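Trainee: I would like to learn how to read the surroundings of a single residue, and then those of a core. Where should I begin?

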Amino acid sequence: MQNASGKKYMLTAGHCMDDGAVTWHRRSGDIPLGRAVDWVYGNDTDQSDYGVVEYTNSNVTPYGTIQYKDGSEGQISRSAPAFEEEKVKRVGTMSQDLVGKVLATNATVTYSDGTTLRHMIEASNCAVHGDSGGALFSAETALGIQSGANYADQPCGDSDSQTDRSSWYEPLYKVLDWEGLEVY
């Protein structure tokens with residue numbers, strides 16, 4: 001993502017921010033990426049879950065892509081609201097469940113820590129602990145930021161959605177509007 005002047009940002013789940021401005025590192029190689037500049041987890045008007053990281057390492061090139069587990073990348077060129085029954089894919093750090101569909105576009109979920117989030121996207125994709133912040137997308141359109149899932153302590157299937165699984169996502173287009181960012 002970028003702002004109007006072209007400054008680059010990464011988006012993730014707000015609950016990953018550990019209650020403070022932290023330096024973010026690339027998982028592979030422990031390379032510093034940037035610093036958290038804004039985050040929300042269930043304590044704003046809309047009961048949201050998102051975080052914004054400003055790229056500050058000039059030796060890192062921020063790409064407007066998603067990265068698959070095998071290292072290949074997929075281009076993201078826009079964001080849009082999700083619609084029910086839309087076919088979607090999801091990527092995460094710990095697992096990938098690449099086939100699913102949108103079940104609801106205005107879902108409310110309460111997690112085991114007691115936090116209730118509203119106006120979330122619910123999808124049939126499985127997700128596990130550690131996948132938070134990953135992208136929900138359809139083709140080149142970014143739809144959401146992964147927040148949580150039921151059965152998050154159990155493994156996902158290799159490629160197909162599992163009928164008993166649901167996952168929840170912060171709608172990306174709203175975050176971009178609130179933060180003054182756009183897809184590049």
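**One tyrosine and a nonpolar core**

Mentor: Begin with accessibility. Tyr184 has a relative accessible area of 25%, so Tyr184 counts as partly exposed, a class that lies between under 20% for buried and over 50% for exposed. Keep in mind that this is a predicted model.

Trainee: Where does Tyr184 lie along the chain?

Mentor: Tyr184 is in the segment after α1 (172-179). Sequence distance and spatial distance are separate readings. Tyr184 and Asn3 are 181 residues apart in sequence, yet their C-alpha atoms are 9.6 Å apart.

Trainee: Which residues does Tyr184 touch, not counting residues up to four places away in sequence?

Mentor: Contact is counted for heavy atoms within 4.5 Å. On that basis Tyr184 touches Met1, Gln2, Lys8, Pro62, Tyr63, Gly64, Gln75 and Ile76.

Trainee: Which backbone oxygen does the side chain of Tyr184 reach at 2.9 Å?

Mentor: That of Pro62. In addition, a polar atom of the Tyr184 side chain lies 3.5 Å from the backbone oxygen of Tyr63.

Trainee: Now the core. How many residues does the largest nonpolar core have?

Mentor: The largest nonpolar core has 19 residues, and those with the most contacts inside it are Met1, Leu11, Ile66, Phe137, Leu176 and Leu181. Two or more residues come from each of β1 (9-12), β4 (49-55), β11 (135-138), β12 (141-149) and α1. The largest share, 3 residues, is from α1.

Trainee: What does Leu11 touch, with the same sequence neighbours left out?

Mentor: Leu11 touches Met1, Gly51, Val52, Gly133, Ile145, Leu172, Val175, Leu176 and Leu181.

Conventions
Residues are numbered from 1 along each chain as its sequence is written. This is a predicted model: local features need pLDDT of at least 70, side-chain atom pairs count only at pLDDT 80 or more; totals for chains, interfaces and linings use all residues. Side-chain values use heavy atoms; hydrogens and water are left out. Helices (H or I, at least four residues) and strands (E, at least two) are DSSP runs, numbered from the N terminus. Buried means under 20% relative accessible area, exposed over 50%, partly exposed in between (1.4 Å probe, protein chains only). A polar contact is a pair of N or O atoms within 3.5 Å; within protein, one must be able to donate a hydrogen and the other to accept it, and residues adjacent in sequence count only if both atoms are side-chain atoms. A nonpolar core is a set of buried Ala, Val, Leu, Ile, Met, Phe, Trp, Tyr and Cys residues joined through side-chain atoms within 4.5 Å.
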